[in-house]
Amino acid sequence: MVAIMTETHASASTPTKRPVRQLLAASVGNAVEWYDWYAYTFLATYIAAEVFPESADNSLVPLLSTFAVFAVGFFMRPVGGLLMGAIADRRGRRAALTVTILLMGGSSLLVGLTPTYEAAGVLAPVLLVLARLLQGLSVGGEFAASTTFLVESAGPGRRGLFSSFQYVSTTAGQLIASGLATLLVNTLSDGQMNGWGWRLPFVVGAVLSLVGFWIRQGAQETRSEEQRQAPRPGLLEALRRHPRESLLICGITAGGTIAYYTWTSYLPTYAELNTGLGKSDALLAGTLSLAFFGLLQPLGGLLSDRLGRRPLLLFFGLGFALLSVPLLHALRDSFAVLLLVQCAGMILLTGFTSISAAVNAEIFPPWVRAAGIGFPYSLTVALFGGTAPYVGTLFKDLGHSGIFPWYVASLCLLSSLVYLRLPETAHKELRR
């Protein structure tokens, strides 16, 4: 651990000398992190059947319990954003990125080894909750450190492009998780999936974390010599000295996170619950739309470097405020319709995801940038993104599934009001 926490003393002058290697170090590790995180979502129905006891009165209880654990993991993300962000600000971005990927690998392995409820009783859900808490800690820290690392690695006029690789790699991880889940569902029997098939992706994730760890060892530190020599910021320094900026990140993120988790994670399950679409068709539609989404990200980043951040944010926010309800109400028991709805949402969503890392990094000064981004961003994601699958399933359970699309649209409208007053930062020099 001492070696991990030791910062390289190489100068981090702007821009870094090896931008492609910087992108690779951030992107591969980030993809592994998010593969581990999202595998849980795509395999939720199998985890529910094996880890939680069934209810004689309501068949949705195990699934609700599984999504509740999904949400609980999100509430460790602000803690991870604060702690790992502080490590990134005090000891360097690379040190924090190294810790987060090792933590994710260990917690993913724990999910894969969680016993069934039949075999271990209440210990099974307890271990699952513990694993998700550790994953939440890792993911919260990963976003704080990798966001800062990517944007600080960018050359002049390229922060939007570099920022977009945050979600290129996130989507790659999610795509691998979705693709592997789809492959297993289509090739294994129900008995095999329930017995051991759902565990395989988590064991694979633990192995991939070691690959990401190795790649990140060659990354160049982006924290400048001036920052390294400056007094170390306190744990809550960003919140204490920059409360307005912290609230601004919450407002920017609220609509983005509910739209993102609804469209990229929950929509296949939402379609299953509300239209009767088959599980394999829902997963395949999700996988194809994710591939489309990943390809859009660099285009959005490049566009923001030319036009600015605010036009893209407004395109996203107002688009979802107006179209969330008709798009979700258009879903039918049809693979083609689900795919079209998902792809339409992905186009709008790119206005937020492709530039969110740049927007966040451009708000805070460098000495508290990672922790300043990590805590308010992760807290907002926990409140609105992590609860999206649970809220959507709960509305269905209560017989009011039609309310959920309005919930998504309302949050996107609120964020749009923040975007209208947001100062343009695309063409300003990044504070270092």
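A helix here is a DSSP run of H or I that is at least four residues in length, and helices are numbered from the N terminus. With that in hand, let us work through a predicted model together.

**Exercise 1. Find the helix that holds I373, and decide whether I373 is buried or exposed.**

Step 1. Start with the helix: I373 belongs to α19, which covers residues 369-385.

Step 2. Now look at the cover. The cut-off for buried is under 20% relative accessible area. I373 has a relative accessible area of 0%, so I373 is buried.

Step 3. Look at the rest of the helix. Of the 17 residues in α19, 13 are buried, and the helix is mostly covered.

Step 4. Check the length too. From the first C-alpha of α19 to the last is 22 Å, close to the 24 Å expected at 1.5 Å a residue.

Step 5. Finally, look for a partner from elsewhere in the chain. G81 is 292 residues from I373 in sequence, yet their C-alpha atoms are 7.6 Å apart in space.

**Exercise 2. Which residues make up the salt-bridge network that includes R369?**

Step 1. Recall the idea: side chains of opposite charge can pair when their charged atoms come close. The cut-off used is a nitrogen to oxygen distance within 4 Å, and by this rule the model has 7 salt bridges.

Step 2. Take R369. Its side chain meets that of E152 in a salt bridge, at 2.9 Å from N to O. This pair joins distant parts of the chain, since E152 is in helix α8 (residues 123-153), R369 is in helix α19, and 217 residues separate them.

Step 3. Take R93 next. Its salt bridge is with D89, and the closest N and O atoms are 2.9 Å apart.

Step 4. Put the pieces together: D89, R93, E152 and R369 are linked in a network of salt bridges.

Step 5. Ask how covered the members are. R93 has a relative accessible area of 0%, so R93 is buried. D89, at 4%, counts as buried. E152 is buried at 2%, and R369 is buried at 1%.

**Exercise 3. What does the salt bridge between E362 and R309 tie together?**

Step 1. Read the distance: the side chains of E362 and R309 meet at 2.7 Å, N to O.

Step 2. Place each residue. E362 is in the loop between α18 (356-361) and α19, while R309 is in helix α16 (residues 309-329), so the bridge ties together parts that are 53 residues apart in sequence.

Step 3. Check the cover. E362 has a relative accessible area of 10% and is buried. R309, at 2%, is buried as well.

**Exercise 4. Describe the aromatic pair of Y266 and F404.**

Step 1. A pair of aromatic rings is described by the distance of the centres and the angle of the planes. The whole structure has 15 aromatic pairs.

Step 2. For Y266 and F404, the centres are 5.8 Å apart and the planes are at 80°. Planes over 60 degrees apart count as edge-to-face, so this pair is edge-to-face.

Step 3. Locate the two rings. Y266 is in helix α14 (residues 243-275) and F404 is in helix α21 (residues 403-420), 138 residues apart. Both residues are buried.

Step 4. Other rings join up too: ring pairs link W34, Y38, Y167, Y260, Y261 and F293 into a cluster.

Step 5. Rings can also have a charge over them. The charged end of R132 sits over the ring of W37, 4.0 Å from its centre, and over the ring of Y40, 4.2 Å from that ring's centre.

**Exercise 5. Which residues form a nonpolar patch with L123, and how exposed is L123?**

Step 1. Name the members: Y117, V122, L123 and V126 form a nonpolar patch on the surface, and together they have about 360 Å² of accessible area.

Step 2. Place L123 in its helix, which is α8.

Step 3. Judge its exposure. Partly exposed lies between buried, under 20%, and exposed, over 50%. L123 has a relative accessible area of 44%, so L123 is partly exposed.

Step 4. Try the rule once more on L109, in helix α6 (residues 93-112). At 34% relative accessible area, L109 is partly exposed.

Notes. Residues are numbered from 1 along each chain as its sequence is written. This is a predicted model: local features need pLDDT of at least 70, side-chain atom pairs count only at pLDDT 80 or more; totals for chains, interfaces and linings use all residues. Side-chain values use heavy atoms; hydrogens and water are left out. Buried means under 20% relative accessible area, exposed over 50%, partly exposed in between (1.4 Å probe, protein chains only). Helices (H or I, at least four residues) and strands (E, at least two) are DSSP runs, numbered from the N terminus. Rings of Phe, Tyr and Trp (its six-membered ring) pair if their centres lie within 6.5 Å; planes under 30 degrees apart count as stacked, over 60 as edge-to-face and the rest as tilted. A charge sits over a ring if NZ of Lys or CZ of Arg is within 6 Å of the ring centre and within 35 degrees of the ring normal. Patches are made of residues with over 30% relative accessible area and no salt bridge: like charges are joined within 9 Å, nonpolar side chains (Val, Leu, Ile, Met, Phe, Trp, Tyr) within 5 Å. Accessible areas come from the Shrake-Rupley method with a 1.4 Å probe; for residues, only the protein chains shown count as cover. The expected span of a helix is 1.5 Å times one less than its number of residues.
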